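This report goes through one protein model, from its sheets to its cores and a pocket. Please keep the sequence and the structure at hand while reading.

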Amino acid sequence: MKQGLFKVLSNENIADKVYKMTLSGDTSDITATGQFVNIKLDGMYLRRPISVCDYSDTTLTLIYKAVGKGTEYMSSLKEGAVLDVLTGLGNGYDTSLSGNSPLLIGGGVGVPPMYALAKALVNEGKSVSVILGFNTSKDAFYENEFKALGCKVFVTTADGSYGTKGFVTDVLGQIGEYTYFYTCGPEPMLKAVYNSTATSGQFSFEERMGCGFGACMGCSCKTKYGNKRICKDGPVLVKEEIIW
């Protein structure tokens, strides 16, 4: 984990209440896709944990939804604003288990960490399929960005206003064979994916956090192998250890 100052390069609205923020700063402590950062915001006691969407040596891309006081404040930040950010948090995804044809499943603001993961898997020479799930067409984002990586992309919306009507599990039958899966999204979606997939996989969980690095124990959960802290031992858990 590293604490550093990051400058806002851009902060744009890309879907209904969804924003893409690009920051400049030292990302050397980000060592795996699926990790997250924890951002200090003026006047707020707790930092805000946000999944990493993409990163280079000097830039960090975050996609977040403005749903509360903290993220609404983030959406108001302009180019040049400076943020205190903890980087390198969480365990991230293990790509060594993916096999040749991995499947990525993202729902809502669980989509962003799938992007960096897709880039990593494509760079490893894997054939990547992606399912993106949203409530409506107004919520949809990043379909074209995944396609530009060479991924096979399926989009679902709960109301049928774009892509396939239904949920991410409703298009699993269209994917064909896949060797492994990775997923991130709201817990009801994760549970449905758990019950609908035949292979092993990795799940990234969203949880309210205090410190974000394992000291406060506020985000502990039970697994088949004992209690784990989502911020430190997660947010990624393997299918075989999850207790619903």
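The text below takes the barrel, the open sheet, the nonpolar cores and a pocket in turn. The model is predicted.

**The barrel**

Six strands form a closed barrel in the order β1-β2-β5-β4-β3-β6, and their pairing is antiparallel. From one strand to the next the twist averages 45°. Helix α2, residues 112-123, packs on this sheet and touches β4 and β5. The direction of α2 makes about 30° with that of β4.

Within the barrel, β4 (residues 48-55) and β5 (residues 59-65) are joined by three bridges in the antiparallel sense. Valine 52 has leucine 62 of β5 as its bridge partner.

Threonine 61 also belongs to strand β5. Is threonine 61 buried or exposed? Its relative accessible area is 10%, so threonine 61 counts as buried, the limit being under 20%. Setting aside neighbours within four places in sequence, threonine 61 is in contact with Lys20, Met21, Thr22, Val52, Cys53, Asp54 and Tyr142.

**The open sheet**

A second sheet is open and has seven strands, ordered β10-β9-β8-β7-β11-β12-β15, with mixed pairing. Its edge strands, β10 (164-165) and β15 (236-238), each pair on one side only. Helix α2 packs on this sheet as well, touching β7 (102-107) and β11. Here the direction of α2 makes about 165° with that of β7. Helix α5 lies across β7, β11 and β12 and runs at about 165° to β11.

Strand β12 pairs with β11 in the parallel sense and with β15 in the antiparallel sense. The table lists these two pairings together with the β4 and β5 pairing of the barrel.

| Strands | Sense | Bridges |
|---|---|---|
| β4 and β5 | antiparallel | three bridges |
| β11 and β12 | parallel | four bridges |
| β12 and β15 | antiparallel | three bridges |

On the β11 side, tyrosine 182 has glutamine 202 of β12 as its bridge partner. On the β15 side, serine 204 stands opposite valine 236. In a regular strand, side chains alternate between the two faces of the sheet. Both faces of β12 are covered: Gly201 and Phe203 are buried on one side, and Gln202 and Ser204 are buried on the other.

**The nonpolar cores**

The largest nonpolar core holds 26 residues. Which of them touch the most other members? They are Leu104, Met114, Leu132, Phe141, Phe146 and Tyr182. At least two residues of this core come from each of α2, β8 (129-134), β9 (152-157) and β11 (180-184). The largest share, five residues, is supplied by α2.

Phenylalanine 146 shows what one of these members touches. Beyond its neighbours within four places in sequence, phenylalanine 146 is in contact with Val111, Met114, Tyr115, Ala118, Val130, Leu132, Cys151 and Val153. Apart from this core lies another, of 21 residues, among them Leu23, Met44, Leu77 and Val85.

**The second largest pocket**

The second largest pocket encloses about 410 Å³ of space and is lined by 20 residues. Which lining residues lie nearest its centre? Gly107, Gly108, Gly133, Asn135 and Pro186 do. Strand β8 and helix α5 (187-196) each supply at least two residues of the lining. The largest share of the lining, three residues, comes from α5.

Two elements thus recur in this account. Strand β8 supplies residues to the largest nonpolar core and to the lining of the second largest pocket. Helix α2 touches β4 and β5 of the barrel and β7 and β11 of the open sheet.

Note on methods: Residues are numbered from 1 along each chain as its sequence is written. This is a predicted model: local features need pLDDT of at least 70, side-chain atom pairs count only at pLDDT 80 or more; totals for chains, interfaces and linings use all residues. Side-chain values use heavy atoms; hydrogens and water are left out. Two strands pair if DSSP finds at least two bridges between them. Axes are lines fitted to C-alpha atoms, for helices over the stretch in contact, and angles run from 0 to 180 degrees between N-to-C directions. Contact means heavy atoms within 4.5 Å. A nonpolar core is a set of buried Ala, Val, Leu, Ile, Met, Phe, Trp, Tyr and Cys residues joined through side-chain atoms within 4.5 Å. Buried means under 20% relative accessible area, exposed over 50%, partly exposed in between (1.4 Å probe, protein chains only). On a 1 Å grid over the protein atoms alone, a cavity is a set of points where a 1.4 Å probe fits but cannot get out, and a pocket is an open set with protein on both sides within 12 Å along at least five of seven lines; lining residues have an atom within 4 Å of a point. Grid points are joined across faces, edges and corners, and a volume is the space filled by probe spheres set on the points.
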